[in-house]
Amino acid sequence: MTTNKWKKEIDCLELDIADLLKNRRKELGYNQTKVSNELGFHRSWLSSFENGRAEAVKLENIIMLCKYYDIKFFDLMERLKRDL
C-alpha cells in the first residue's frame with residue numbers, strides 16, 4: 001500500500017514538472033519538433049512526457065530540457081515546492 005502511495009505522488013510530481021516545462025516551451029514559441037530535433041529526443045517521447053504518459057523519465061532528460069529552456073533545475077524544484 002505504501003509503495004502505491006509513493007508512486008502516485010511521484011507520478012503527480014512528474015506531471016507538474018512536465019506541465020511547467022511544456023508551458024515554458026510554449027512561452028518561448030518552440031514546437032515539439034524543434035525541441036526534439038535539437039536535443040535528440042523522439043518527438044513522440046516529448047509529447048508523451050508533456051502529457052504525463054512517458055514511462056521511466058530520466059532526470060538527465062529533465063535537466064536537458066531545463067537548460068534548453070534556460071531554466072535552472074533548482075529553480076524549477078523550488079517552484080514545485082512552493083506549489084505543493
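Hi everyone. Before anything else, one definition: accessible areas here come from the Shrake-Rupley method with a 1.4 Å probe. With that in hand, the protein chain has an accessible surface of about 6100 Å², and 52% of that surface belongs to carbon and sulfur atoms. Please keep in mind that we are looking at a predicted model.

Let's start with the overall picture. The protein chain has 5 helices and 0 strands, so if you read from the N terminus on, the order is α-α-α-α-α. The chain has 84 residues, and 33% of them count as buried. Now take the contacts between residues at least 6 apart in sequence: 58% of these join residues at least 24 apart.

Next, let's look at how some of the helices meet. In general, two packed helices are described by the angle between their axes and the distance between the axes.

Our starting point is helix α2, residues 32-39, together with helix α3, residues 43-50. Their axes come within 9 Å and cross at roughly 120°. α2 and α3 are therefore oblique to each other, and their crossing is right-handed. Which residues make the contact? From α2 we have Gln-32, Thr-33, Val-35 and Ser-36, and from α3 we have Arg-43, Leu-46, Ser-47 and Glu-50. Sorted by class, the residues of this contact are 2 nonpolar, 4 polar and 2 charged.

Stay with α2, and turn to helix α4, which covers residues 59-68. Here the axes come within 11 Å and cross at roughly 110°. That angle makes α2 roughly perpendicular to α4, and this crossing is right-handed. On the α2 side, the contact is made by Lys-34, Val-35, Glu-38 and Leu-39; on the α4 side, by Met-64, Leu-65 and Tyr-68. The classes for α2 with α4 are 5 nonpolar, no polar and 2 charged residues. You may have spotted Val-35 in the list for α3 and again in the list for α4.

Let me finish with one residue, Phe-73, which sits in helix α5, residues 73-83. Is Phe-73 buried or exposed? Its relative accessible area is 18%, and buried means under 20%, so Phe-73 is buried. What does Phe-73 touch, leaving out residues up to four places away in sequence? The answer is Leu-59, Ile-62, Ile-63 and Cys-66. For Ile-63 we also have a separation: Phe-73 and Ile-63 are 10 residues apart along the chain, and their C-alpha atoms are separated by 6.2 Å.

Thanks for listening!

Terms used:
Residues are numbered from 1 along each chain as its sequence is written. This is a predicted model: local features need pLDDT of at least 70, side-chain atom pairs count only at pLDDT 80 or more; totals for chains, interfaces and linings use all residues. Side-chain values use heavy atoms; hydrogens and water are left out. Axes are lines fitted to C-alpha atoms, for helices over the stretch in contact, and angles run from 0 to 180 degrees between N-to-C directions. Helices (H or I, at least four residues) and strands (E, at least two) are DSSP runs, numbered from the N terminus. Angles under 35 degrees count as roughly parallel, over 145 as roughly antiparallel, 65 to 115 as roughly perpendicular and the rest as oblique. A crossing is left-handed if the near helix is turned anticlockwise from the far one by less than a right angle, and right-handed if clockwise. Contact means heavy atoms within 4.5 Å. Ala, Val, Leu, Ile, Met, Phe, Trp, Tyr, Cys and Pro count as nonpolar, Asp, Glu, Lys and Arg as charged, and the others, Gly among them, as polar. Buried means under 20% relative accessible area, exposed over 50%, partly exposed in between (1.4 Å probe, protein chains only).
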